[in-house]
Amino acid sequence: MRAEVGRVNILVVDDRPEQLLSLEAVLAPLGENVVKAASGREALRSLLQEEFAVILLDINMPEIDGFETATLIRKRRSTVHTPIIFLTAHTDRVYVERSYSLGAVDYIMTPFAPEVLRTKVSVFVDLFKKTQKIRLQAESLRAHAEQLQRLNRAALTINSAMSLDAMVAAITEAARDVGGAHHAMTLVKLEKPGERARTAVSLSERYATFQQEAPPPIAGRLCAYVCGRNRPLRMTQSELSQHPEWLDDLGQRPPPRGYLAVPLTASDGQNIGTIQLSDRHEGEFSDDDETVLVQLAQLASIAIQNCVHAEAREANRLKDEFLATLSHELRSPLNAILGWTHLLRSEPFDEQRVSHGLEVIERNVAAQTKLIEDLLDVSRVATGKLRISAAPMALAPIVEIAIDAIRPAAEAKGLTIDVSLDPVIEVNGDADRLQQVVSNLTSNALKFTRPGDHILVSLRRAGAYAELTVRDTGEGIAPDFLPFVFERFRQADSTSRRTHAGLGIGLSLVRHIVEAHSGSVVAESPGLQKGSTFVVRLPLLGVERSSLAASAKEARSRSLMSSEAASDLGGLHVLLVEDDADARELLQEVLSQHHAEVTAVASASEALAAFCVALPHVLVSDIAMPGEDGYELIRLIRQRPPHAGGDLPALALTAYARKEDQKRALDAGFHMHATKPIEPAALVAAVASLAARARAGELTCARERGAGDELNP
């Protein structure tokens with residue numbers, strides 16, 4: 001704890017210039033700031049601007065004399081206790097008594113001995129410094145106590161986080177709060193297979209406009225340095241200015257007001273991340289700031305490890321519960337199928353009984369088929385191979401088909417389904433998949449709604465989106481389960497006493513299908529026994545892409561349609577990389593039919609080997625592939641010199657259809673991004689366009705030009 005007091009101010013007031021110079025010379029050995037005032041008014045102005053340890057005040061002055069000046073000084077709250085030493089040639093006792101009555105601490109006759117004056121003044125200077133030091137220490141203690149209170153509040157917030165991502169965000173907010181900084185960043189990296197790094201950024205209102213555009217990056221080189229040394233690092237603004245590359249990492253110029261980073265450390269001493277602060281509210285970061293941030297990092301490290309272990313235990317529990325549930329859900333239909341098959345073979349039933357048995361078998365076969373299809377869809381989602389065949393379509397008929405299919409089951413349960421649909425809403429979507437979304441949501445509502453209640457399904461326009469709402473008056477969702485309702489294999493009741501069957505994957509599939517359509521889905525519920533509402537938002541046809549992407553597509557369309565020769569790929573050598581054999585065969589056939597010479601390979605390593613045989617004119621590559629994926633392939637190609645194919649025109653053809661997937665492909669080095677499935681004509685046109693633009697010298701690496709093309713069928 002530091003409480004340093006620098007030079008203090010001494011006010012000298014006299015209307016004679018020679019006397020002011022004399023007093024300044026006498027007091028100079030004290031090494032303090034001597035402020036001179038030639039009148040009472042000037043002295044009062046100085047007192048409004050500065051704080052003084054002692055005032056040397058002449059009595060005889062024009063306009064406002066020393067006594068009047070002292071009276072005014074004593075009327076101000078901030079100067080009521082400031083020591084005043086009168087300097088005068090008057091020896092009259094009346095002057096002395098009046099001086100002390102005005103609160104003077106001393107009355108010195110002139111001429112005076114310089115040593116005596118310095119001694120008297122130094123006493124009050126030392127007293128002022130000690131008082132200031134005590135005050136600064138008190139302020140420092142108060143600030144430190146407040147930091148500790150914030151640390152205690154942060155501990156509660158961090159340990160109450162529901163997930164690791166939420167915990168990292170809470171740690172970052174708490175760090176910025178306890179450190180009094182404008183800018184905080186946290187990185188958590190867990191060296192476990194399949195465990196992604198977590199990052200979070202917290203910014204004050206100072207960065208409001210910057211925050212709207214894009215948050216500052218997690219400091220790469222600085223972060224690596226701190227993680228590598230695994231010790232706290234504190235730097236002043238001047239020290240930071242000597243490392244411009246670190247300032248680039250922080251995204252801040254001119255240099256922020258200091259930098260403070262502390263490591264996050266596991267129980268075995270291994271580094272698992274860092275907390276970083278920069279741009280302090282006031283001054284540089286102090287020892288106290290570092291101490292408190294280290295304490296925060298210690299409790300954060302413990303909380304992170306506890307969370308990771310809890311998530312691992314929860315994942316194992318969910319896996320065990322899912323396998324038990326899966327066994328039950330698969331065996332139950334088999335039991336009915338096998339039982340009725342034996343009965344129908346061994347017992348002579350009448351026609352009505354046989355028909356009933358066949359209905360039971362058919363119903364259970366359909367139920368088991370649905371379970372298997374859902375499991376396959378979950379597998380496709382996990383491997384990134386969930387196929388979406390998007391096309392312009394009216395959404396209302398899709399909703400009606402799904403509702404009609406489930407209405408008999410609703411009527412059998414005594415439920416009413418109220419439907420309100422806008423018939424003119426159109427979206428770009430996969431009819432079968434969107435029907436699956438509606439079916440899963442209404443089936444979920446049917447499952448958890450009591451007999452005699454009702455379900456509301458509505459479809460309306462909401463700005464640039466189609467909004468599908470499924471609302472029920474059933475059991476509702478508990479607040480603690482609501483954040484996990486769309487997670488795979490999660491069920492509010494997964495015990496053997498549960499009243500509702502299912503694997504806990506229906507809502508998870510809803511989320512993935514909707515997100516594959518560039519939409520979103522949310523769940524709302526006031527609580528248990530108060531019903532629940534699921535809202536799906538899908539981009540309306542014509543506005544599902546940003547204006548920038550739409551403009552790019554329009555310009556691209558004009559370019560592709562400008563010549564019929566765009567469909568002729570004669571003379572082009574295309575390197576096709578696709579790990580799926582059927583898809584590879586189809587794409588090769590499409591390109592070959594348009595006279596392209598196609599080298600089709602199944603992996604990135606085979607693609608690189610093909611480069612050694614002959615350089616292609618265009619690369620068409622899948623992204624998700626075993627071993628080295630499409631991102632790694634294009635990065636390796638871009639490392640080659642231009643004459644060795646480093647500037648090869650490249651199209652990313654993938655089932656990853658989100659905006660961030662497009663950006664990642666273009667940042668990696670692809671020139672165009674297209675989503676599967678793709679129309680043959682669109683594929684041929686894209687390849688022809690890339691080749692033509694390459695010949696015209698229009699292509700540069702997407703990373704260098706900062707943008708790329710998106711091709712969507």
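Two strands count as paired if DSSP finds at least two bridges between them, and this is the rule on which the first exercise rests. The model used throughout these exercises is a predicted one.

**Exercise 1. Describe how strands β14 and β15 are connected, and state which residue in the turn has a positive phi.**

Solution. Begin with the pairing: strand β14, residues 454-462, and β15 pair in the antiparallel sense over eight bridges, and one of the facing positions is Val457, which stands opposite Val470 in β15. Next, consider the link: β14 and β15 form a hairpin with two residues between them. Finally, look at the turn itself, where Gly463 has a positive phi of about 70 degrees.

**Exercise 2. Find the partner of β15 that is joined to it by eight bridges and spans residues 532-539, and decide whether β15 is largely enclosed or not.**

Solution. The strand sought is β17, and the two run antiparallel. As a check on the register, Ala466 has Leu538 in β17 as its bridge partner. For the second part, take the burial of the strand: six of the eight residues of β15, residues 465-472, are buried, so β15 is largely enclosed by the rest of the structure. A further detail concerns Tyr465, since the charged end of Arg537 sits over the ring of Tyr465, 4.6 Å from its centre.

**Exercise 3. Work out the strand order of the open sheet of five strands, and identify its edge strands.**

Solution. Reading across the sheet, the order is β7-β6-β10-β9-β8, and the pairing is antiparallel. The edges are β7 (198-203) and β8 (233-235), each of which pairs on one side only. Neighbouring strands of this sheet are turned against each other by 10 degrees on average, with direction ignored. Within the sheet, seven bridges join β6, residues 181-188, to β10, residues 271-280, and these two strands run antiparallel; at one position, Met185 stands opposite Gln276 in β10. To complete the picture, add helix α6 (residues 164-179), which lies across β6, β7 and β10 and runs at about 35 degrees to β7.

**Exercise 4. Classify the ring pair of Trp340 and Phe349, and compare the exposure class of each residue.**

Solution. By the ring-centre rule, the count comes to two aromatic pairs. In the pair of Trp340 and Phe349, the ring centres lie 6.4 Å apart and the planes stand at 50 degrees, so the pair is tilted. The reasoning needs the cut-offs: centres must lie within 6.5 Å, while planes under 30 degrees apart would count as stacked and those over 60 as edge-to-face. As for exposure, Trp340 is buried, with a relative accessible area of 14%, whereas Phe349, at 30% relative accessibility, counts as partly exposed.

**Exercise 5. Place Gln19 in the structure: in which helix does it lie, is it buried or exposed, and what does it contact beyond its sequence neighbours?**

Solution. Gln19 belongs to helix α1, residues 17-27. Its relative accessibility is 15%, and Gln19 therefore counts as buried, the cut-off being under 20%. Once neighbours within four places in sequence are left aside, Gln19 is in contact with Asp14 and Phe112.

**Exercise 6. Summarise the chain as a whole by its elements, its burial and its contacts.**

Solution. The chain has 22 helices and 23 strands, and 44% of its 713 residues count as buried. Among contacts between residues at least 6 apart in sequence, 69% join residues at least 24 apart. The chain exposes about 36100 Å², of which carbon and sulfur atoms supply 53%.

Terms used
Residues numbered from 1 in each chain as written. Predicted model: local features only at pLDDT ≥ 70, side-chain atom pairs only at ≥ 80, totals over all residues. Heavy atoms only, no water. Helix = DSSP H or I, 4+ residues; strand = E, 2+ residues; numbered from the N terminus. Buried < 20%, exposed > 50% of the residue type's maximum accessible area, 1.4 Å probe, protein only. Contact = heavy atoms within 4.5 Å. Areas by Shrake-Rupley, 256 points an atom, 1.4 Å probe, with all protein chains shown as cover. Phe/Tyr/Trp six-rings, centres within 6.5 Å; stacked < 30°, edge-to-face > 60°. Lys NZ or Arg CZ within 6 Å of the ring centre and 35° of its normal. Axes fitted to C-alpha atoms, helices over the stretch in contact; angles between N-to-C directions.
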